[in-house]
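Dear colleague,

I am handing over the structure below, and I would be glad if you could keep it open while you read the notes that follow it.

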Amino acid sequence: MEEEFFLVDPVSRAVASLGSRVVARAREVVGDLVSGEFDECQVEVKTPPCREGADLYDELVAVRGAVAAAARAEGLGICASGTPVIGREGPAIVGDHPRYRAGLDQFGALLDGFAICAAHIHVHVPDREVAVLVGNHLRPWLPLLVAMSANSPFLDGRDMGYASWRTVIRGRFPALGAPPYVESLDHYERLTAALQESEAMLDAGIPFWDVRPNPRLPTLEIRVMDVQAQVADTVGLAVLIRALVVTASALVRRGHNGPETCGELVRAAYWRAARDGWSGKGVDALTGRILPCSVQAARLVEHVRPALEEHGDLDRAVGFLRRLAERGCGAQRQRASWHRRAHLADVVDDLERLTSGRRGEPSGGRPSGGVTVRPA
């Protein structure tokens, strides 16, 4: 697992560009399991490979705790939201990494405001030929994962009218989003090479598609989800995705290369999922039908049930879906925080409490810093 978080000032609740300092502190405890990100207002945490959902849960709690402690030592908190709720004070500072600088040179103003936070899940698929064909099987399910994980309704003090504005931000880039259908690893590599030559892609070895064979690890990396505030939800998504990959891998090995789902239909399903999140209906990219997210999720569980049962993950996956049914996705919870007093500070405070694992009731007593939401 990889998770990205914003650093937030406890008074203004704006994001704070102190990522390098927080990373240096946290590395004294967890080493390379923490790193910087595209913007200095972000940090990224990682876990070692895990076999059991319970182990993944423990690893995430531990590394989040270490980063939260490092942030507190710098007078900050950590916040799991796909976009900055209250924006920043001062200019953006891009992280010191050659790939980030190359991206700025190539894409220019498209990267303005590209401070967004995701959850990335890696599943062990050492055969790259199998991995790229598994991507064909995952394509129709990616919009549902957007809806399940949607956790970015606010941006810089404004309710954007979408459940996952992070998905919308990413959608403005060429060669980013759902991967295309491919017939083979050779087809995949020829396509990425052509996209790099066109300059729509920065590096053919590191495509930014939402499903990709990782260039450095023997894994298939799924990158479509907003970061989740609660560890249990991250793990719920992870076990569902592992089951999807395991199920698809078995199909590929039996000669099924996946459905040639229409790319425009997948794009439409992405957009609908980003707008409505879990609360509404979505486009079933396999059939084009409009179905409640709960119905699509039930179909997903049935599709991957043998893999969930094989790994002992059925109860954890069903528990995640039960929480979605009871209190909605992250976007619904963020808006519920705001509706208590119409203060965006409450949104940030609740997210910080959930992200760092602090116990206690939702905020409602601390001053808001005079911040109010702007309507969509």
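**Cysteines and cavities**

In this model, which is predicted, the count of disulfides comes to 0. Cys41 takes part in no disulfide, and the nearest cysteine sulfur to it, which belongs to Cys117, lies 7.0 Å away. Because a disulfide here requires a pair of cysteine sulfur atoms within 2.5 Å, the separation of 7.0 Å between the sulfurs of Cys41 and Cys117 does not qualify. As for the surroundings of the cysteines, Cys41 counts as buried, because its relative accessibility is 0% and the cut-off for buried is under 20%. Cys50, by contrast, has a relative accessible area of 30% and is therefore partly exposed.

Turning to the interior, you will find 3 cavities of 30 Å³ or more, and the largest cavity has a volume of about 70 Å³. Which residues line the largest cavity? The lining is made up of Ala131, Val132, Gly135, Asn136, Pro179, Pro180, Val182, Tyr188, Val211, Pro213 and Leu220. Two elements, α4 (128-138) and β10 (211-213), each supply at least two residues of this lining, and α4 provides the largest share of it, with 4 residues. In character, the lining of the largest cavity divides into 9 nonpolar residues and 2 polar ones, with no charged residue among them.

With best regards

Notes
Residues are numbered from 1 along each chain as its sequence is written. This is a predicted model: local features need pLDDT of at least 70, side-chain atom pairs count only at pLDDT 80 or more; totals for chains, interfaces and linings use all residues. Side-chain values use heavy atoms; hydrogens and water are left out. On a 1 Å grid over the protein atoms alone, a cavity is a set of points where a 1.4 Å probe fits but cannot get out, and a pocket is an open set with protein on both sides within 12 Å along at least five of seven lines; lining residues have an atom within 4 Å of a point. Grid points are joined across faces, edges and corners, and a volume is the space filled by probe spheres set on the points. Ala, Val, Leu, Ile, Met, Phe, Trp, Tyr, Cys and Pro count as nonpolar, Asp, Glu, Lys and Arg as charged, and the others, Gly among them, as polar. Buried means under 20% relative accessible area, exposed over 50%, partly exposed in between (1.4 Å probe, protein chains only).
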